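This report describes the pairing of charged side chains in one protein model. Please keep the sequence and the structure in view while reading.

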Amino acid sequence: MNLHKNIIKFKKSKYINSTIYNGLIFTIFKYASYAIEIITGIVISKMFGPKIFGIWGIYIIVMQYGQYLHLGTMFYADREVPRLNVSQKYDQSLIVIRNVIVIYFFNIIVLAILSASILPFLSTSIYNLNNILTITGFLSVEFIKKLIYTWLRANKDLKKLAKALIINSAITFVIIILTINEYGILSILFARICGMITVLILVKSCIPVVLGIKTRKYKLLLRMIQHSIGLLLYNISFIVKTTVSRFVVISYLSLTDIGYYSFAYFIYNALLISLDG
């Protein structure tokens with residue numbers, strides 16, 4: 001009996017120590033990833049100059065809104081996928097993920113087509129087909145990365161999540177440094193694609209999440225949207241509050257002014273990330 005109790009205590013202590021160790025590794029790698037991203041942002045602002053960084057600032061605003069094209073279904077996945085995976089209902093959790101993918105890419109394709117269709121009436125130096133396609137690429141890459149991180153977090157695989165964060169940040173930084181002079185904003189997109197692909201190769205368990213084909217249940221999709229609509233509206237209202245000042249700057253000032261303002265806002269966010277984690 002005592003031997004059995006000692007074995008149980010040993011297993012519990014081993015599990016606790018392993019959890020603490022993995023949590024510590026994840027925290028270190030997460031902050032290292034933040035640091036690389038902050039340095040990358042400073043390098044981008046330096047290489048672009050105020051005017052091009054102003055255009056990049058407009059890209060960032062569009063991407064902030066575009067991340068919610070999932071209509072709240074990602075919030076549902078964040079809550080339900082960990083619960084389903086704990087119960088080893090992996091097929092059901094993959095169906096949830098697949099529904100998120102369907103609604104997101106359906107919306108992004110529709111939005112891209114609508115944006116392109118009104119180009120003849122509103123085409124400007126910023127609002128053009130190249131920028132629409134580039135932003136579509138950014139939104140797609142960032143969404144896939146979000147899926148990867150959601151799946152790893154749902155499986156409580158902090159080691160792989162930490163590895164994914166640091167590898168993505170490092171690969172992105174290196175490629176931007178090597179290509180930004182020649183390709184500008186496209187170099188950032190290319191770097192993020194390379195970072196995402198590298199993470200998928202190294203964290204092979206995420207490949208079925210992104211590429212696997214599972215039956216889609218559209219009644220479930222409607223339920224996912226219904227259950228998350230409140231959280232979606234809250235997040236969009238928060239984004240509106242944090243971007244309204246930048247909309248005013250975009251409406252009345254030049255791209256150079258937008259660049260200076262975007263850099264100031266970037267530094268402000270970097271300080272918040274450093275303090276809040």
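## Salt bridges in the predicted model

The structure holds 7 salt bridges, a salt bridge being a side-chain nitrogen of Lys or Arg within 4 Å of a carboxyl oxygen of Asp or Glu. Side chains of opposite charge can pair when their charged atoms come close. The model is predicted, so local features need pLDDT of at least 70 and side-chain atom pairs count only at pLDDT 80 or more, while totals for chains, interfaces and linings use all residues. Residues are numbered from 1 along each chain as its sequence is written, and side-chain values use heavy atoms, with hydrogens and water left out.

Three of these bridges, including their closest N and O atoms, are listed below.

| Salt bridge | Closest N and O atoms |
|---|---|
| Asp78 and Arg153 | 3.6 Å |
| Arg79 and Glu80 | 3.4 Å |
| Asp157 and Lys160 | 3.8 Å |

Asp157 has a relative accessible area of 24% and is partly exposed; Lys160, at 30%, is also partly exposed. Here buried means under 20% relative accessible area, exposed over 50%, and partly exposed in between (1.4 Å probe, protein chains only). Salt bridges with shared partners join Asp78, Lys146 and Arg153 into one network.

Within that network, Asp78 forms a salt bridge with Arg153. Asp78 belongs to helix H2 (residues 73-86) and Arg153 to helix H5 (residues 129-154), so their pairing ties together parts 75 residues apart in sequence. Helices are DSSP runs (H or I, at least four residues), numbered from the N terminus. Asp78 is partly exposed at 28%, and Arg153 is partly exposed at 40%.

In the remaining tabulated pair, Arg79 is partly exposed, with a relative accessible area of 42%, whereas Glu80 is buried at 11%.

Conventions: Helices (H or I, at least four residues) and strands (E, at least two) are DSSP runs, numbered from the N terminus.
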